[in-house]
Amino acid sequence: MTVTPKPQNTPEPASEKDLEVARRVLAIEADALSDLAKSLNGDFCKAIDLIESLAGRLVVTGMGKSGHIAKKIAATFASTGTPSFFVHPAEASHGDLGMIGKNDAVLALSNSGETPELSDIIAYTRRFNVPLIGMTRRPESSLAAQCDYPLILPNSPEACPNKQAPTTSTTAMLAFADALAVTLMERRGFSADDFRTFHPGGKLGQRLLRVSDVMHDVADIPLIGENALMSEALVIMTGKSFGCVGVLDDTGLMSGIVTDGDLRRHMADNLVAMRVGDVMTRNPKATKSDVLAVEALAIMNDRSITALFVVDDEGKPVGLVHIHDLLRLGVA
């Protein structure tokens with residue numbers, strides 16, 4: 001007699017279980033951020049007013065995981081126009097309190113609001129009338145009671161299984177500080193130029209370069225008048241090595257361009273004896289010196305060209321940007 005084996009429960013694939021856990025974590029933290037957004041009130045605006053009016057710096061502090069978040073928050077403020085730095089609370093108790101000046105303010109992070117290592121910094125701010133912003137989840141805590149500007153986080157559960165490891169709380173702290181920093185940026189009209197001042201290195205700084213930062217000046221670019229002979233234009237094109245020559249009308253405005261393609265189209269003619277105005281392509285695409293270099297690159301890619309003249313508001317050429325320069329600087 002054949003015995004049919006009993007069906008076994010097929011275990012759920014490990015990858016699916018992992019994805020389920022990950023989605024649950026993200027959902028919990030997303031709910032916390034939604035609750036945080038709904039909880040914003042006048043205390044947020046008061047904190048913004050204080051930070052905006054500071055004559056000194058914003059000193060950010062916190063212990064443990066909150067300390068790691070505090071370091072990032074200080075970096076965000078410093079890079080977006082608010083002078084800021086991190087002070088470790090334990091080091092503050094051993095001399096670093098001297099880093100906090102009378103014109104500064106302190107932003108202290110503590111999920112419980114009872115972090116013992118923060119006590120000396122809190123006492124120092126109370127003694128010397130240094131404004132104190134407290135970010136905590138517990139409105140009844142010592143930090144919330146002692147600070148001038150309480151920023152209360154929603155009482156959302158941590159995302160870990162035992163509800164202990166700082167996860168949701170640190171995400172909320174980071175997002176709360178981002179909201180402060182970005183609101184200050186918009187109040188101050190913090191521009192791309194300002195941002196590039198604090199981020200000169202790396203890909204971000206390169207993408208914020210303007211055409212004026214990368215263009216060749218007018219003295220170094222190939223230009224010629226419409227009535228000149230192509231024999232002269234060829235000499236200028238060869239000497240300047242940009243693969244083109246800009247053409248000016250009688251008033252000095254840019255009216256056309258002669259490229260390698262124009263030369264090929266007229267190769268069967270007596271090219272060197274022709275007038276530049278008869279060979280050039282009229283109304284060439286140009287750009288302005290104050291636009292981002294990446295915008296100039298987009299024009300080049302769209303038109304399949306390697307050089308782009310830069311003109312002023314009247315249409316007079318003031319420079320030229322070449323794709324090789326953009327590649328060299330990492331803009332492309």
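This report walks through the overall shape, the two sheets and the empty spaces of one protein model.

The model is predicted, so local features need pLDDT of at least 70 and side-chain atom pairs count only at pLDDT 80 or more, while totals for chains, interfaces and linings use all residues. Residues are numbered from 1 along each chain as its sequence is written, and side-chain values use heavy atoms, with hydrogens and water left out.

**Overall shape**

Let's begin with the whole chain. The protein contains 15 helices and 13 strands; these are DSSP runs numbered from the N terminus, helices being H or I with at least four residues and strands being E with at least two. How does its radius of gyration sit beside that of a compact globule of 332 residues? The protein has 31 Å, whereas such a globule would have a value near 20 Å. (The radius is taken over C-alpha atoms, and the globule rule is 2.2 Å times the number of residues to the power 0.38.) Along the principal axes, the C-alpha atoms fill a box of roughly 90 × 90 × 35 Å.

**The parallel sheet**

Now for the sheets, where two strands pair if DSSP finds at least two bridges between them. One open sheet has 5 strands in the order β2-β1-β3-β4-β5, with parallel pairing. β2 (84-86) and β5 (149-152) each have a single partner strand, so one side of each lacks a neighbour in the sheet. On average, neighbouring strands here are turned by 20° against each other, direction ignored. (Axes are lines fitted to C-alpha atoms, for helices over the stretch in contact, and angles run from 0 to 180 degrees between N-to-C directions.)

Look closer at β5 and you will find that strand β4 (residues 132-136) pairs with it in the parallel sense over 4 bridges. Within this pair, Gly134 has Pro150 of β5 as its bridge partner. Helix α2 (residues 42-53) packs on the sheet and touches β1 (58-62), β3 (105-109), β4 and β5, where contact means heavy atoms within 4.5 Å. The direction of α2 makes about 130° with that of β5.

**The mixed sheet**

A further open sheet has 4 strands in the order β6-β13-β12-β11, with mixed pairing. Its edge strands, β6 (216-217) and β11 (286-287), each pair on one side only. β6 runs antiparallel to strand β13 (residues 317-322), and 2 bridges join them. Asp217 stands opposite Gly319 in β13. Across β12 and β13 lies helix α14 (residues 293-303), which runs at about 130° to β12.

**Pockets and a cavity**

Rolling a probe the size of a water molecule over the atoms shows where empty space is left. On a 1 Å grid over the protein atoms alone, a cavity is a set of points where a 1.4 Å probe fits but cannot get out, and a pocket is an open set with protein on both sides within 12 Å along at least five of seven lines; lining residues have an atom within 4 Å of a point. Grid points are joined across faces, edges and corners, and a volume is the space filled by probe spheres set on the points.

| Space | Volume |
|---|---|
| Largest pocket | about 370 Å³ |
| Second largest pocket | about 200 Å³ |
| Largest cavity | about 40 Å³ |

Which residues lie closest to the centre of the largest pocket? Of the 20 that line it, they are Ile257, Thr259, Ile305, Thr306 and Ala307. β9 (254-259), α12 (260-265) and β12 (307-311) each give two or more residues to this lining. By class, the lining has 9 nonpolar, 6 polar and 5 charged residues. (Ala, Val, Leu, Ile, Met, Phe, Trp, Tyr, Cys and Pro count as nonpolar, Asp, Glu, Lys and Arg as charged, and the others, Gly among them, as polar.)

The second largest pocket has 15 lining residues, with Asn111, Glu158, Gln164, Pro166 and Ser169 nearest its centre. Its lining divides into 3 nonpolar, 8 polar and 4 charged residues, and α7 supplies the largest share, 3 residues.

Finally, the whole structure holds 1 cavity of 30 Å³ or more. Among its lining residues are Arg137, Thr168 and Ser169, and α7 gives the most to this lining, with 3 residues.
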